[in-house]
Each structure stands twice: as C-alpha cells, then as structure tokens.
Amino acid sequence: MPVEEQKREGKDDARMPYQLPFPADAGEEIVVPAVIPEDDRVWVPQAENVAFRPLCLSASQGYWMNLLRVRKSGVLSRHRHPQPVHGYVIKGSWHYLEHDWTAQEGGYVYEPPGETHTLVVPDGVEEMITYFQVNGVMLYVDPFGKTMGYEDVFTKIDMCRAHYEKVGLGADFVDQFIR
Ligand code: FE
C-alpha cells in the first residue's frame with residue numbers, strides 16, 4: 001500500500017523505516033567501527049607520549065570528540081574551559097591537582113564551564129585513554145590564569161591534516177571526521 005494511503009488510514013508499522021527524506025541541510029552521519037584504531041597512524045601526536053584520535057570534529061558548532069591517549073606519568077597541562085567538557089575513561093586513570101577525586105577506568109567526568117585544572121597521570125599508569133567532548137576552546141594558562149595558548153576545533157583539524165599528510169594517510173583523511 002502506498003505511503004500516502006497508509007498515512008490517510010493512520011497505519012503505523014513499528015518496523016517500517018522512516019519514509020520521508022532527511023532535511024536537505026542535514027549532514028552525513030559518522031560511523032567509526034573501532035574507536036581504538038588498528039592503524040596507529042590515526043593517533044595524532046600533540047606532545048611527547050601524548051596523542052589524540054579524532055572522532056567528530058564539529059567545525060559547524062565548535063566542539064570536538066576525541067580520545068586522548070597519554071603514555072607517560074606526570075603533568076600533562078594546565079588549562080581553562082569556558083565551556084563544558086564530558087569525559088569517559090576507557091583505560092587507566094588520572095586526576096587534577098585542583099580536585100581530590102580520581103577519574104577511574106570506566107568512569108565519567110563532567111567539567112563545568114569555568115574549570116581551570118591541571119591534568120596529572122599518576123605513577124604506575126602506563127597508558128590512559130579517555131574519550132573527551134571538548135566544547136569551544138581550551139585556554140592554556142599559567143597558575144594565575146594568564147593565557148599562554150589555546151586549542152579549538154580548528155587547531156585540532158590543522159594538527160590532523162599536518163600529521164596525516166606526514167604519515168602518508170593524506171591530509172584529507174581528516175575530512176571524514178569534520179562536520
Ligand atoms: Fe580539561
């Protein structure tokens with residue numbers, strides 16, 4: 001029976017896929033079969049023993065979803081978040097100098113706007129991997145809040161392009177993650 005006719009009759013089959021076209025301006029979905037990639041070149045180095053793996057780089061809304069991987073213990077960085085951050089710890093653990101809790105493997109963390117913190121990977125943790133959604137901008141600051149640098153979705157995209165070009169995946173390898 002044609003869809004129009006079913007609609008008139010008020011029929012609704014739970015297993016019937018949505019029958020109408022998606023909005024013309026809607027973007028493409030992103031499907032990443034393995035967030036931990038088989039090809040290590042997908043990880044983009046950002047400091048010694050620190051790398052990120054892009055999943056969704058939202059140029060249209062100014063946020064990025066990525067895995068952060070750290071293979072060293074000690075201080076990673078001190079930074080301020082004007083916008084919220086969500087984190088899910090896939091492996092290892094870490095904490096902030098400014099808080100008395102530890103983010104544990106399997107745990108979730110919400111960082112409210114206004115947070116300034118210093119990420120530390122404790123001794124004995126050989127590798128930590130955390131899935132982070134970072135919104136807007138990260139401001140790298142000194143202990144008194146003076147901005148020393150920043151990252152946003154566009155600096156992330158630039159780092160990906162440069163790295164993927166260098167390792168032979170091609171600069172446009174990052175395009176699949178950009179929306
Ligand atoms: Fe942070």
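Start by selecting residues 128-135, strand β10. In this predicted model, seven of the eight residues of β10 are buried, so the strand is largely enclosed by the rest of the structure.

Now bring in a neighbour: select residues 63-70, which make up strand β3. Eight bridges link β3 to β10, and the two pair in the antiparallel sense. To find your place along this pairing, label Leu68 and look across to β10, where the bridge partner is Thr130.

Next, add residues 85-91, strand β5. This strand also pairs with β10 in the antiparallel sense, over six bridges. Which residue of β10 is the bridge partner of Val85? Label Val134 and you have found the partner.

Keep β5 on screen and add β8, residues 108-111. Four bridges join β5 to β8, and these strands run antiparallel. A handy landmark here is Tyr88, whose bridge partner in β8 is Tyr108.

Time to zoom out and show the whole sheet. Six strands form an open sheet, and you can walk through them in the order β1-β2-β3-β10-β5-β8, with antiparallel pairing. At the edges stand β1 (44-47) and β8 (108-111); each has a single partner strand, so one side of each is left without a neighbour in the sheet. Going from one strand to the next, the twist averages 25 degrees. If you wonder what holds such an arrangement together, strands of a sheet pair through backbone hydrogen bonds, either parallel or antiparallel.

With the sheet still displayed, select residues 153-166 to bring up helix α2. The helix lies across β1, β2 (50-58) and β3. Relative to β2, helix α2 runs at about 115 degrees.

Now for the metal: select the iron ion and show the side chains of His79, His81 and His117. Each of these histidines coordinates the iron ion through NE2, at 2.1 to 2.2 Å. In sequence, the donor residues follow the spacing H-x1-H-x35-H. Are His79 and His81 buried or exposed? Both are buried.

For a last stop, select Gly107, in the loop between β7 (102-103) and β8. Which residues does Gly107 contact, leaving aside its neighbours within four places in sequence? Show Gly87, Tyr88 and Val89 to see these contacts; Tyr88 is the residue you met earlier as the bridge partner of Tyr108. Finally, draw a distance from the C-alpha atom of Gly107 to that of Met138: the two residues are 31 residues apart along the chain, and their C-alpha atoms are separated by 22 Å.

Note on methods:
Residues numbered from 1 in each chain as written. Predicted model: local features only at pLDDT ≥ 70, side-chain atom pairs only at ≥ 80, totals over all residues. Heavy atoms only, no water. Buried < 20%, exposed > 50% of the residue type's maximum accessible area, 1.4 Å probe, protein only. Pairing = 2+ DSSP bridges. Donors = N, O, S within 2.8 Å, 3.2 Å for Na, K, Ca; no water. Axes fitted to C-alpha atoms, helices over the stretch in contact; angles between N-to-C directions. Contact = heavy atoms within 4.5 Å.
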